[in-house]
Amino acid sequence: MSGSECLENPPALVSGGESGNVLQIASLNSYVSGNADSKVALLFISNIHGYGVPKFRKLADKVASAGYYVVAPDFFHGDPITPEIPISDWLKNHGPVEAVEPAKLVIKALKEKGITKIGAAGFCWGGKVAVELAKEADIQVAALLHPSFVTLDDIKGVKVHTAILGAEIDNKSPPELVKEFDLALQAKPEVDHFVKIYGGVSHGWTVRYKDEDAEEVRSAEEAHEDLLVKKEGGLEGVRWSCEEGSFVFASHIARVSSEEESLVFASHIAGGTIDEGTHIL
């Protein structure tokens, strides 16, 4: 479950520089960014620090710039975790499973708006919400970034294309568990998947990286890029692209390193791995 790892390097909550705004969607305050006329939306589900974290919103803006309408609801109703509250007490009132029905109402509202394809990216706490949506096919694609609370049975139950981005140093989803997730997805040929472990980083790094740690920043940026499809500078085919009102999910990826050596990693390719199927770069 979520714990002390989730509280390390707490985010600064000073906003600024974001390109989106806050609207009410299905009675939830939601940070929205991107083209409101897009037919493709991404539901961003935050960690326990909430939807107002600047780095979380910055990533929402970055993904939105690829053509998505990104919606990040406040599932905590203005009550994210704070240092004064024991996390076990906070979770009694903010369990991720309890956020699934509100998330479905947001999805319903987006569909009523004319959006035809919806994906979900869940961070830590939000990973559980995203996987629950993926189990009922309420979305078309899911990404779980350093997820908490997610079990092997959850992964066995997903019905949509799924990406899992894990940290090498993570007690919530340790590499051994992520490997089991990968094997479970390999057993589901109808579900395209991508599983990757990022070396040398800790739980939560994608939105709680330390600005002064160049390697952590680089790894976070790499994970951010792995949510998008680009075809430039030797990088080709990553997770999602937005084309003609739909998702393109790429379950294979090739990256050319700065040393001009080719490194290929995908859910079924071994090489530079902890074990077959999960990869540390």
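**Exercise 1.** How many residues does helix α6 have, and how far does helix α6 reach from its first C-alpha to its last?

*Solution.* The model is predicted, so that local features need pLDDT of at least 70 and side-chain atom pairs count only at pLDDT 80 or more, while totals for chains, interfaces and linings use all residues. Residues are numbered from 1 along each chain as its sequence is written, and side-chain values use heavy atoms, with hydrogens and water left out. Helices are DSSP runs of H or I with at least four residues, numbered from the N terminus. Helix α6 (residues 175-186) has 12 residues and reaches 16 Å, close to the 16 Å expected at 1.5 Å a residue, where the expected span is 1.5 Å times one less than the number of residues.

**Exercise 2.** Determine whether Q186 is buried or exposed, and which side chain it joins in a polar contact.

*Solution.* Buried means under 20% relative accessible area, exposed over 50%, and partly exposed in between, with a 1.4 Å probe and protein chains only. Q186, which is found in helix α6, has a relative accessible area of 35% and is therefore partly exposed. Its side chain is joined to that of D182 by a polar contact of 2.8 Å (a pair of N or O atoms within 3.5 Å; within protein, one must be able to donate a hydrogen and the other to accept it, and residues adjacent in sequence count only if both atoms are side-chain atoms). D182 is among the buried residues of α6.

**Exercise 3.** Identify residues of α6 that I155 contacts.

*Solution.* With contact meaning heavy atoms within 4.5 Å, and leaving aside neighbours within four places in sequence, the partners of I155 include F181, A184 and L185; F181, A184 and L185 are buried in α6.

Terms used. Helices (H or I, at least four residues) and strands (E, at least two) are DSSP runs, numbered from the N terminus.
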